[in-house]
Amino acid sequence: MKSIRTVLTATTALCAAGSVYAADLEVTHWWTSGGEAAAVAEFAREFEAQTDNTWVDGAIAGGGGTARPVMVSRIIGGDPMGAFQFNHGRQAEELIEAGLLRDMTHVAEAEGWKDIVNPPSLLDACTVDGKIYCAPVNIHSWQWLWLSNAAFEKTNQAVPTNWDEFVAAAPALREAGITPMALGGQPWQSSGAFNVLMATLAGPDVLQQIYGDGDAEMAAGDKMTRVFQAASNMREMVQGSNVQDWNQATNLVITDQAGGQIMGDWAQGEFAVAGEVAGTDYTCLPGLGVIEVISTGGDAFYFPETGDAETEAAQDALAATLLKPNTQVAFNLKKGSLPVRSDVDLETANDCMKKGLEILGSGAIMPDVNMLNTEDTNNQLNDLFVQFFQDPSISADDAQARFVDIVASKD
Amino acid sequence: MAATRPIRLFRNISAKIAAIPMILTAMVVFVGGTAWTVTYSFTSSKLLPKAKFVGLDQYERLWNTPRWLVSLENLLIYGICMMVLSLVLGFVLAALLDQKIRFENTFRTILLYPFALSFIVTGLVWQWLLNPDFGIQSVIHRMGWTSFNFDPLYNADIVIFGVLIAGLWQGTGLVMCLMLAGLRGIDQDIWKAARVDGIPSWKTYIFIVIPMMRPVFITTLVIIASGIVRLYDLIVAQTGGGPGIASDVPAKYVYDYMFQGQNLGQGFAASTMMLLAVLVVVIPWAYLEFGGKKHV
């Protein structure tokens with residue numbers, strides 16, 4: 001009995017001694033799919049290898065829509081984690097205004113983020129009143145059309161090189177029993193695809209003007225009428241894709257049951273896992289082949305105020321680690337996203353990723369919708385477009401009228 | 001020394017003390033929380049509650065939102081059908097079980113079993129059963145009737161009935177049990193008297209037994225109604241509100257705007273409207289039920 005007690009005391013002492021050197025840092029994120037989990041494990045490995053701290057993984061399944069409320073309620077409720085992942089942009093705006101997140105400017109200055117982060121708009125999205133509150137870790141872009149080469153071979157057609165050819169090829173696909181286009185039932189996919197049509201067919205400037213400046217006249221204008229026409233074409237093309245999740249929709253393209261899908265560059269992870277090769281099995285068209293442009297959204301880590309000096313030191317160490325060159329390479333190769341610094345070498349990147357890097361290098365970039373819209377506005381757009389794409393009885397004109405209302409009332 | 005009259009407040013003092021925590025909880029959590037929610041529904045609160053009042057703006061936006069109107073319509077359809085069908089089915093099943101049949105225990109267990117499942121499980125089970133590629137439709141196609149078409153979850157016009165099927169499957173067993181308990185509470189002499197008078201048994205049920213079962217019906221109605229108003233998990237598990245927004249319900253609208261949309265004000269306004277709707281039904285009923293008793 002006595003010896004057990006001694007052992008217990010000893011272990012307690014050891015634990016107490018251990019905590020002097022390093023902190024356990026709980027990091028919450030919603031990266032739970034195969035490729036995502038592998039990518040975030042790279043962060044954990046680098047963080048533990050380069051510092052003495054311990055990464056406590058706080059993955060929340062169910063995607064951003066489920067994870068964000070959980071994270072926010074923990075922060076507001078006074079039980080903040082060490083660090084958490086959000087998308088770039090306005091999602092964390094109010095948390096920053098309420099003083100719940102830590103100012104990380106000192107880390108950014110020490111590490112020289114101003115000089116290395118490319119494009120600089122990523123850092124701007126982290127900046128409020130001249131202070132930097134987050135560490136951007138990757139760039140994801142939405143403007144990609146993924147096409148199944150086999151589906152077009154089956155109908156003796158050339159693989160389309162742009163949106164119009166794709167639309168023209170749709171009837172033949174339909175006749176061959178192939179759904180021309182895959183679209184999952186989740187609301188964000190519908191509004192996401194529409195925003196891509198808008199950014200490519202009407203141009204990035206139009207999107208910037210409508211979402212950035214809330215220009216309701218532009219939203220009601222001819223350019224947008226054409227986008228809504230294209231969206232109603234798309235609605236006919238997606239009839240029959242009875243799936244919910246985005247990766248199930250991507251899977252329809254991988255298995256050649258659907259001709260193509262508009263989805264962000266994270267879809268290429270699914271193609272890679274299925275062993276497909278870019279160019280022979282599938283084709284990717286950045287900017288729908290209409291205009292070569294990619295948006296620079298992505299993920300960033302934020303650090304809540306904890307008032308605990310040890311945790312703060314660990315937070316600083318994590319922020320610095322996230323942007324180190326080797327961390328960036330290891331993480332982004334697994335995640336299928338682009339690194340936030342242009343001075344790292346992604347030799348093993350596949351063709352589609354290289355196309356993305358080229359466009360990024362040429363500077364043909366646009367802000368992500370998340371940077372321009374609040375979640376409230378995004379939610380309204382989700383409601384509108386998920387209804388529009390699933391219910392053929394809503395005319396393009398009606399949808400545009402509702403779109404104008406949302407733009408006019410946005411903040 | 002004359003005995004002082006006991007003060008009324010101190011009668012049953014221990015029982016009153018025991019009730020204090022519950023009373024406090026009810027006052028603070030229910031009444032206080034409700035008042036707070038209603039107050040903040042008049043503000044422009046986004047992610048965090050802020051006392052910046054904007055009058056009826058949130059309500060104006062709410063009633064101009066097609067999704068809210070769709071969700072109300074769905075709740076109305078679901079509510080009326082659920083109320084009527086589960087009462088009718090539950091009563092008929094109970095009446096059938098009451099015929100002193102063999103294996104009554106077995107049947108009762110089978111019928112009550114779905115109620116042991118959560119709405120999430122129920123929703124998932126019926127999502128698969130109603131999936132045209134895997135469920136009922138494909139089974140019947142394989143049996144040879146290929147023109148058979150039954151995919152309510154993928155048809156925006158009838159999706160709410162697909163949800164209703166699952167809801168009925170889950171909830172009818174409980175209604176049946178309550179009804180059966182009510183039927184067993186009816187004195188056998190009444191049946192004997194009715195038989196002596198030569199009244200057919202269906203007439204006995206409708207004109208004698210059902211009026212006598214009024215308290216059971218009211219209990220059942222309250223249970224069903226509360227289940228209808230808080231309809232949320234079944235929708236999330238079975239359809240996710242889809243296709244599009246065709247199977248949305250008010251509770252889901254509230255959750256989506258409060259948490260995902262980071263717009264507390266809008267969510268509060270919607271939940272206040274839900275509260276109002278419940279009060280409109282409950283207050284007249286409570287008045288009839290409890291207010292009238294004084295005169296009896």
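Domain bounds, as the word is used here, come from an automatic or database domain assignment. On that basis, chain B of this predicted model is divided into domain 1, which covers residues 1–40, and domain 2, which covers residues 57–295.

The two domains of chain B can be taken as a starting point. Their C-alpha centres lie 35 Å apart, and the contact between them involves five residues of domain 1 and five residues of domain 2. Together, domain 1 and domain 2 of chain B bury about 390 Å² between them, with 77% of that area on carbon and sulfur atoms. On the side of domain 1, B:Thr37, B:Val38 and B:Tyr40 account for 74% of the area buried against domain 2, more than any other three residues. Across this interface the rule finds zero salt bridges, and it likewise finds zero residue pairs in polar contact when both residues are at pLDDT 80 or more.

The interface between the two chains can be read in the same terms. Chain A contributes 23 residues to the contact and chain B contributes 21 residues, and the chains bury about 2,000 Å² between them, of which 51% is on carbon and sulfur atoms. Within chain A, the residues that lose the most area to chain B are A:Glu94, A:Asp376 and A:Asp383, which together make up 28% of what that side buries. Four salt bridges are counted between chain A and chain B; in a salt bridge at 2.9 Å, N to O, the side chain of A:Asp376 meets that of B:Lys46. The rule also finds twelve residue pairs in polar contact across the interface of chain A and chain B, both residues being at pLDDT 80 or more. The elements of chain A that give two or more residues to the side touching chain B are α3 (64–76), α4 (93–97) and α20 (375–390), and the largest share, eight residues, comes from α20(A).

The interior remains to be described. The largest nonpolar core has 133 residues, and those that touch the most other members are A:Trp113, A:Trp163, A:Phe194, A:Ile210, A:Met234, A:Ile262 and A:Phe403. Helix α13 of chain A, residues 222–238, gives the most to this core, with eight residues, and the core draws at least three residues from each of domain 1 (25–139 + 297–342) and domain 2 (144–295 + 366–409) of chain A. Leaving aside neighbours within four places in sequence, A:Ile262 is in contact with residues including A:Trp142, A:Trp163, A:Met181, A:Met234 and A:Leu288. Apart from this core lies another, of 36 residues, among them B:Ala95, B:Phe119, B:Leu130 and B:Leu231.

Key:
Residues are numbered from 1 along each chain as its sequence is written. Chains are lettered from A and ligands numbered from 1 in the order in which they are written. This is a predicted model: local features need pLDDT of at least 70, side-chain atom pairs count only at pLDDT 80 or more; totals for chains, interfaces and linings use all residues. Side-chain values use heavy atoms; hydrogens and water are left out. A nonpolar core is a set of buried Ala, Val, Leu, Ile, Met, Phe, Trp, Tyr and Cys residues joined through side-chain atoms within 4.5 Å. Buried means under 20% relative accessible area, exposed over 50%, partly exposed in between (1.4 Å probe, protein chains only). Helices (H or I, at least four residues) and strands (E, at least two) are DSSP runs, numbered from the N terminus. Contact means heavy atoms within 4.5 Å. Buried area is the accessible area (1.4 Å probe) that two parts lose on being put together, summed over both. A polar contact is a pair of N or O atoms within 3.5 Å; within protein, one must be able to donate a hydrogen and the other to accept it, and residues adjacent in sequence count only if both atoms are side-chain atoms.
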